[in-house]
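Reader: I'd like a close look at just one part of this protein, the annotated binding site and whatever surrounds it. Could you walk me through it?

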Amino acid sequence: MRADILVLPGDGIGPEVTAAAVTVLRTIAERRGHEFTFTERLIGGAAIDATGEPLPADTLAAAKKADAVLLGAVGGPKWSDPQAKVRPEQGLLAIRKALGLFANLRPVQPHPVAFSASPIKPHLLQGVDLIVVRELTGGIYFGEKTRTADSASDLCTYSVGEIERVIRHACHLAMTRSRRVTSVDKANVLETSRLWREVASRIVRDEFPEIELENQLVDSMAMHLLARPREYDVIVTENMFGDILTDEASMLAGSLGLLPSASLGEGRVGLYEPIHGSAPDIAGKGIANPYAAILSVALLLRHSLGLDDEANCIEQAVASALAAGNLTADLAGGTSAIGTQAATRAVIDHFPLPCQVAELRD
Ligand code: NAD
Ligand code: IPM
Ligand code: MN
């Protein structure tokens, strides 16, 4: 298959982890006889430095033309002045919005070899396999913002349509899994959450009667997620709650450097990125964990290109590389750690057999 993939490395460790993910994609393309072309564009702080804008027009145009977009991370101390007029993060929000990517899938499947990197007891992590569907283009992130000398405001708004489409997305996903959905809100306080709960309950009742829906308040959800993670399957929630809960959920997996994401909408193009940020504290050292970015390209192969075998191949290879003890510093604790490039090599070395030879495909 032919595919044009747009790569947006961004800032901090973004370029390091996207380089790793592209290496894996190139390798899989070679071995399975695909023709992937890679184009790079600027986003975030790197784009501000070069053009003054966090999402230059030619980056967005390239994204609209691509078959899929791979993004590293944006942001960092250089652009974090609270008085700054433009910020790297605006570029990320703008591309998500412009591409209509309202559903952000963040799977969490702790790997036994990383149990020791998690602060949670191993017996609670065994068998955890959940996926958070985070609403990505609405809520407080996109409401009107105002600022005066002595006050500031961020408006949180959701329309029925915005809630319906992400709940439906979560329900379709749940139909392929255990048919259980947990919808997370703060309906005891927020009007947007009361609407959210009403819409979620209606969509499930009218359109997905086979699904068991649980409505959960976000504060207790934050607790349950750590206390009994195995009991969750599909968790659907609004933009900011999903952002926070998934960084929390990364501690089930052992590191932020392990969680990938896929941002999807009704349009053709999907965007794939690790959930972590630009990690300024470790940028440029060659020690960033590339597994989240590599697992993000597995999601890219599955959701944008329909290449399930190749996606499974990458996921199995990451699991095998981890099982063989290829741990980056965030996972290794006090023991010896490998760098970004060695971890990338380990994934390629652990491709399962059907991924090695193109001929075996048919
Ligand atoms: P962060 O995710 O960058 O880092 C949090 C901690 O996790 C740091 O200690 C970091 O070293 C570690 N970490 C993150 N990814 C890692 C990896 N792959 N391997 C090893 N360790 C890793 O969050 P932060 O420090 O709160 O934010 C830094 C900057 O990143 C901010 O400007 C923020 O806006 C931005 N950010 C961007 C994205 C994105 O582009 N999608 C996501 C989150 C944060
Ligand atoms: C993420 C990040 C972004 C978000 C920021 C950088 C805008 O934290 O992708 O999780 O909050 O969505
Ligand atoms: Mn985040």
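Author: Sure, let's start with the record: the unreviewed UniProt entry puts a "binding site" feature at Asp219, Asp243 and Asp247. Keep in mind that the model you're looking at is predicted.

Take Asp219 to begin with. Asp219 sits in helix α8, which covers residues 218-227. Asp219 has 12 C-beta neighbours inside 10 Å, so it counts as exposed, since the cut-off for that label is 12 or fewer. Asp247, on the other hand, belongs to helix α9. Asp247 comes out as partly exposed because 15 other C-beta atoms lie within 10 Å.

Now for the sheet. It's an open one with 10 strands and mixed pairing, and the order is β2-β1-β3-β12-β11-β4-β5-β10-β8-β9. β2 (35-40) and β9 (212-217) are the edge strands; each has a single partner, so one side of each has no neighbour in the sheet. From one strand to the next, the twist averages 25°.

Zoom in on β5 and β10: residues 130-135 and residues 234-237 pair in the parallel sense over four bridges. In that pairing, Val133 stands opposite Val236 of β10. Helix α9, residues 239-253, packs on the sheet and touches β4 (103-108), β5, β8 and β10. The direction of α9 makes about 155° with that of β5.

One more helix to look at: α7 (residues 191-207) lies across β8 (180-185) and β9, and runs at about 165° to β8.

Note on methods:
Residues are numbered from 1 along each chain as its sequence is written. Chains are lettered from A and ligands numbered from 1 in the order in which they are written. This is a predicted model: local features need pLDDT of at least 70, side-chain atom pairs count only at pLDDT 80 or more; totals for chains, interfaces and linings use all residues. Two strands pair if DSSP finds at least two bridges between them. Helices (H or I, at least four residues) and strands (E, at least two) are DSSP runs, numbered from the N terminus. Axes are lines fitted to C-alpha atoms, for helices over the stretch in contact, and angles run from 0 to 180 degrees between N-to-C directions. Two residues are in contact if their C-beta atoms, placed from the backbone, lie within 7 Å. UniProt positions are given in the numbering used here, feature names are shortened, and annotations may be inferred rather than shown by experiment. A residue is buried if 20 or more other C-beta atoms lie within 10 Å of its own, exposed if 12 or fewer, and partly exposed in between; C-beta atoms are placed from the backbone.
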